[in-house]
Amino acid sequence: MTVDIDKTTGPADTPPAGPEAIKAIPVRHYGRYVSAVIAIAVFASIVYAFSQGKINWGAIPDYFFNDRILGGVGKTLMLTVLAMLIGVFGGILLAVMRLSKNPVTSSIAWFYIWFFRGTPVLVQLIVWFNLGLVFEYINLGPIYKDYWSSFMTPLLTALLGLGLNEAAYMAEICRAGLLAVDEGQTEASHALGMSHSKTLRRIVIPQAMRVIVPPTGNEVINMLKTTSLVSVIQYSELLRVAQDIGQTSGAPAEMLFLAAAWYLILTSIFSVGQYYIERYYARGSSRTLAPTPFQKIKANVLSLAGRRQ
Amino acid sequence: MNTEKVEDKPSGSTAVSMVKSEGVHKSFGPVEVLKGIDLEVKSGEVFCLIGPSGSGKSTFLRCINHLEKINAGRLYVDGELVGYRQKGDKLYELKDSEVALKRRDIGMVFQRFNLFPHMTALENVMEAPIQVKGVSKAQARERAGQLLERVGLADKAGNYPSQLSGGQQQRVAIARALAMDPKLMLFDEPTSALDPELVGDVLDVMRDLAESGMTMVVVTHEMGFAREVGDSLVFMDGGVVVESGNPRDVLTNPQHERTQSFLSKVL
Ligand SMILES: Nc1ncnc2c1ncn2[C@@H]1O[C@H](COP(=O)(O)OP(=O)(O)OP(=O)(O)O)[C@@H](O)[C@H]1O
Ligand SMILES: [Mg+2]
């Protein structure tokens, strides 16, 4: 392969070359080809089976951008975002409470987490909706007074049910994040005269975010799917709308596939967002940031082009 | 020389003493770490604290800015009791906000730097003046730039701590402490986490600071620095002060047997 060596007749006029680059034949991974073929075959047969089934696939594109479906998608998104906001802020609050030296606040947080993690969300949702059995009125003195049933709209129920439950899970994630920050950081901040709350807000929480964000991304995706439970309290989010349309249009299964496709699209979008948020909070944690997928693709294309020439 | 610190102090016997420790005791659970420390740091002096590992040097330093609570004795900084208020013969614990107020005036430099890793060097130095003193961003930025220049790091302002060497990080940490215009600086083995060739830069910055008249309490294993820059030196062992005096005298002619054996090991 290396003809260069024979060519070097005049050692005086050749530039001093470094060690020769290695050009070895890479190991062939035959197993990979075989498994890829099997996987494609299995996938193809599944697709075939579905295409032969008694499903009217044409109904899906017809309704994909239906106004009611889009409205449901919007409501699902809104529920996810708002419930997660309640969850994240509640979770940070609960985590700080649990780590507090005050035994009263830390036990309250412990009890909250114990209760909300220990009961199913679906049950919590239904209970919130039916709390009118306990409180007939909601009475905030001169500010507000109404029947429970008209105060507890499906939206409010959904937000409270999903958000408060999420806060309990987020609390544990946030607690792990806060504990992961070196104690020297708190100490340095206190030594500069910063108060407890400023130390938390400016020094500890931003560093804890690096640990908190990845599992939170997971929680967002979970939440997006969990919002479908809200269909039981008649809130017209994506699944509810899809089921309603399915009933009236005579294509119930098709509409479920449609909903599944929308959920898949939404979770994919969130995953991309998560990637960039993680990058943001990783700043300062390593000497150089890992390249984004786009940068990677660009680099790969360039290096391929380089090898081809 | 910078003597503005002496101005607004109550006149009296404590006027020249920046730190005064009278019989300070500190225990962690059943373990007594400080067993009655008596010493005095005068305003404007460089006070070195040496001693074997575990003798309580760091603990004492941390007591001075109330990162640790003392169990007995009295500790004064600039004539005021640390962590408490005395009314008649009763002591009242200070609130967190009052303790924080006093810590503004005491800079601290740690063995492991403890820079804020999510902020650049410049932001590290700007943070406390903005958050604690309410200085405007523009002003803080200008001052931080000057301080970084003073420690020889003007060109590293935009670097994150992970992009700085240990010696550079420690100098940023010194600039960060100076940004609060402290009247007292505490150094806890500022060079012992550094590679030997980086120690010099940090010591140079500290020497500069000493020349500007800053009161400094320095826990160190750098006997050369103590001898050249130190005004007083204390040798601690087992939670007590064993020997104290002028650094040159103590280091070259230690009186106490424990001091002699410690110095023979480190020199
Ligand atoms: N938070 C704590 N809880 C329990 N024990 C502690 C704590 N901090 C320090 N100690 C103990 O107190 C003793 C003195 O510690 P200190 O850190 O003050 O020593 P030092 O003189 O600074 O030593 P070194 O030179 O190794 O830094 C040690 O035995 C240590 O184990
Ligand atoms: Mg120590």
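The largest cavity in this predicted model holds about 50 Å³ of space, and a search of the whole structure finds 3 cavities of 30 Å³ or more. The largest pocket, by contrast, has a volume of about 1,200 Å³, and the points below take the cavity and the pocket in turn.

**The largest cavity**

- Residues of both chains line the largest cavity: A:Ala188, A:Ala191 and A:Leu192 come from chain A, while B:Ile106, B:Gly107, B:Met108, B:Phe110, B:Ala173, B:Arg176 and B:Ala177 come from chain B.
- Among the secondary-structure elements, α9 (183-191) of chain A and, from chain B, the strand β8 (106-109) and the helix α5 (166-178) each contribute at least two residues to the lining of the largest cavity.
- In terms of residue class, the lining of the largest cavity consists of 8 nonpolar residues, 1 polar residue and 1 charged residue.

**The largest pocket**

- The lining of the largest pocket comprises 31 residues, and those that lie nearest its centre are A:Lys101, A:Thr186, A:His190, A:His196 and B:Asp96.
- Chain A contributes to the lining of the largest pocket through α4 (67-99), α8 (154-180), α9 and α10 (196-226), and chain B does so through α2 (96-103), with at least two residues from each of these elements.
- The largest share of the lining of the largest pocket is supplied by α2(B), which provides 5 residues.
- When the lining of the largest pocket is divided by class, there are 12 nonpolar, 9 polar and 10 charged residues.

**An element found in both linings**

- Helix α9 of chain A supplies at least two residues to the lining of the largest cavity and at least two to that of the largest pocket.

Terms used
Residues are numbered from 1 along each chain as its sequence is written. Chains are lettered from A and ligands numbered from 1 in the order in which they are written. This is a predicted model: local features need pLDDT of at least 70, side-chain atom pairs count only at pLDDT 80 or more; totals for chains, interfaces and linings use all residues. Side-chain values use heavy atoms; hydrogens and water are left out. On a 1 Å grid over the protein atoms alone, a cavity is a set of points where a 1.4 Å probe fits but cannot get out, and a pocket is an open set with protein on both sides within 12 Å along at least five of seven lines; lining residues have an atom within 4 Å of a point. Grid points are joined across faces, edges and corners, and a volume is the space filled by probe spheres set on the points. Helices (H or I, at least four residues) and strands (E, at least two) are DSSP runs, numbered from the N terminus. Ala, Val, Leu, Ile, Met, Phe, Trp, Tyr, Cys and Pro count as nonpolar, Asp, Glu, Lys and Arg as charged, and the others, Gly among them, as polar.
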